[in-house]
Amino acid sequence: MRSFLLLLICGLIATSVSAAEPLRAVLLDAAQLDDVRAQTLRLADFNAVVFVVEADTSRREIVRASATAKRHDLPCYFWIEVARCPRLADERPELMASLQGHLEWRRFYPNSQEPRDDEVVKTYPWVPILSREGFDAQLARVTKLLDGLPTPSGLFLNDLQGAPSACGCGHPLCRWTADYGPKRTNTKLGPDAAAQFVEQVQKKTRVPLVIPVWATECEAHDKPTLCAGIGCFEGLCWKEFAKQLTPLAERPEPLALLLPFRAFERDLPIYPDRAGWVREAVELMQAQPARHRGTPVPPERLIAVLQGWDVTNREVMAQIAQAQLAGAGGFIVSLVPIEQDWEPRLVRWK
Ligand SMILES: [Zn+2]
Ligand SMILES: [Zn+2]
């Protein structure tokens with residue numbers, strides 16, 4: 001009932017249909033879509049659905065839900081969580097990102113053991129595509145996940161950056177590297193890894209539109225709190241971010257921006273209406289690349305991915321309003337939690 005209301009409310013504030021209609025989608029599990037919900041979405045002026053595709057997602061369920069969506073004239077997109085992948089992390093722990101450099105992340109895990117010389121602390125269960133081996137394993141995985149499924153209108157690939165707490169500061173949005181230190185268990189790729197990944201997925205799966213989902217880095221005011229005193233905002237974070245974003249910014253497809261304001265601890269009083277970070281993040285996608293010799297991404301090219309779980313209807317509306325104020329080219333309200341947590345794991349590296 002709650003989500004029914006939520007959907008109706010969203011519809012009331014959705015923008016009017018224009019020539020290039022902006023995406024107004026919900027992200028959900030295929031099993032959650034039946035005729036009633038599809039009809040509700042239509043009434044609420046949503047114009048697409050995005051299904052989560054995971055290893056344990058039933059193929060039949062996706063085929064069924066795609067047919068349901070089609071009956072209601074709702075184009076289907078798929079969403080694959082790339083880097084955060086427990087299955088791959090369990091099978092091939094050496095592919096995980098690591099926690100090296102600063103030790104401030106330990107405030108969240110005070111009982112975590114010190115690594116021996118032949119051990120490295122890995123960020124479980126994050127397997128970024130920033131190494132040759134991680135890239136190849138993830139490409140094979142994504143290709144296999146889509147095998148035998150109907151072709152979607154587009155595919156969202158979430159988490160093509162490093163793992164959270166990249167420099168060791170503990171900030172959930174510090175993601176500029178997979179290994180900030182000398183202990184390496186794989187081969188580092190250049191800053192165009194994400195763009196290459198998008199290109200390869202497109203080539204292998206022939207999905208017409210592959211849309212990377214990107215996250216912003218830390219902010220100046222985070223220094224005493226989430227960055228635990230580390231000056232990563234003025235350090236490498238945004239410089240490396242700009243290098244990685246630029247090859248994507250120069251590609252033709254839109255970019256999605258991961259903006260679960262509460263899950264990312266951004267529902268702070270300093271942001272207007274609490275959800276104001278959504279607007280700020282869209283603006284950061286222009287300001288920060290411009291500051292660091294990268295290519296800015298104009299707001300109309302960005303699809304805002306908003307938090308539709310563990311929030312009130314009013315908070316969903318506030319996020320949509322902020323995305324629209326920022327001029328974002330579309331939005332997706334995620335009704336399913338987008339897991340972003342991590343924990344330290346010791347792995348042998350020699
Ligand atoms: Zn950091
Ligand atoms: Zn940072």
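Select strand β9 first: Gly330, Ile332 and Ser334 point one way from this strand, Phe331 and Val333 point the other way, and all are buried. The model on display is a predicted one. β9 spans residues 330–334, and five of its five residues are buried, so that the description "mostly covered" is apt under a threshold of 20% relative accessible area.

**The neighbours of β9**

Add strand β1, residues 23–28, to the selection. β1 and β9 pair in the parallel sense, over five bridges. To see one of the bridge partners, label alanine 25 and isoleucine 332, the latter in β9.

Next, display strand β8, residues 302–307. β8 runs parallel to β9 and is joined to it by five bridges. Here isoleucine 303 stands opposite glycine 330 of β9. Now bring in helix α9, residues 313–326: together with β8 and β9, this helix makes a right-handed β-α-β unit.

**Leucine 28 in β1**

Return to β1 and select leucine 28, which is located in that strand. Is leucine 28 buried or exposed? Leucine 28 counts as buried because its relative accessibility is 0%. Then draw a distance between the C-alpha atoms of leucine 28 and phenylalanine 51; they are separated by 5.3 Å, although the two residues are 23 residues apart along the chain. Beyond the residues up to four places away in sequence, leucine 28 touches Leu33, Arg37, Val49, Val50, Phe51, Val52 and Val336.

**The nonpolar cores**

Select Val49, Phe51, Phe156, Leu157, Phe197 and Trp214. These residues have the most contacts inside the largest nonpolar core, which has 112 residues. Apart from that core lies another, of nine residues, among them Cys85, Leu88, Ala89 and Tyr124.

Centre the view on phenylalanine 156. Leaving aside neighbours within four places in sequence, its contacts include Leu23, Tyr77, Phe78, Trp79, Ala256, Ile303 and Ile332. Two of these names have already appeared on the tour: isoleucine 303, opposite glycine 330, and isoleucine 332, the bridge partner of alanine 25.

**Strand β4 and a cis peptide bond**

Move to strand β4, residues 119–124. Six of its six residues are buried, so β4 is largely enclosed by the rest of the structure. Colour its two faces separately: Glu119, Val121 and Thr123 lie on one side, Val120, Lys122 and Tyr124 on the other, and all are buried. Show strand β10, residues 343–348, which runs antiparallel to β4 and is joined to it by six bridges. Among the pairs to inspect is glutamate 119 with its bridge partner in β10, arginine 348.

At tyrosine 124, follow the backbone onward. The peptide bond from tyrosine 124 to proline 125 is cis, with omega near -5 degrees. Proline 125 belongs to the loop between β4 and α5 (132–146).

**Two aspartates with positive phi**

Most residues other than glycine have a negative phi, and most peptide bonds are trans. Against that background, select aspartate 159, whose phi is near 65 degrees. Aspartate 159 sits in the loop between β5 (154–158) and α6 (193–205), and it counts as buried because its relative accessibility is 3%.

Then select aspartate 273, with a positive phi of about 55 degrees. Aspartate 273 is found in the loop between β7 and α8 (277–291). Its relative accessibility is 42%, so aspartate 273 counts as partly exposed.

**Arginine 251**

Proceed to the loop between α7 (237–249) and β7 (255–259), where arginine 251 is placed. Arginine 251 is buried, with a relative accessible area of 14%. Which side chains does the arginine 251 side chain meet in polar contacts? One contact, of 2.9 Å, is with the side chain of glutamate 199; another, of 2.7 Å, is with the side chain of glutamate 253. Leaving aside neighbours within four places in sequence, arginine 251 is in contact with Ala195, Val198, Glu199, Gln202 and Arg301.

**The zinc ions**

Finish at the zinc ion (ligand 2). Cys218, Cys232 and Cys237 coordinate this ion through their SG atoms, at 2.2 to 2.5 Å. Along the chain, its donors follow the spacing C-x13-C-x4-C. Show the zinc ion (ligand 1) as well: the two ions are 3.3 Å apart, and cysteine 232 coordinates both. Cysteine 232 and cysteine 237 are both buried.

Note on methods: Residues numbered from 1 in each chain as written. Chains lettered and ligands numbered in written order. Predicted model: local features only at pLDDT ≥ 70, side-chain atom pairs only at ≥ 80, totals over all residues. Heavy atoms only, no water. Donors = N, O, S within 2.8 Å, 3.2 Å for Na, K, Ca; no water. Buried < 20%, exposed > 50% of the residue type's maximum accessible area, 1.4 Å probe, protein only. Helix = DSSP H or I, 4+ residues; strand = E, 2+ residues; numbered from the N terminus. Pairing = 2+ DSSP bridges. Right-handed = clockwise from strand over helix to strand, strands pointing away. Core = buried A, V, L, I, M, F, W, Y, C linked by side-chain atoms within 4.5 Å. Contact = heavy atoms within 4.5 Å. Polar contact = N/O pair within 3.5 Å; in protein donor to acceptor, adjacent residues only side chain to side chain.
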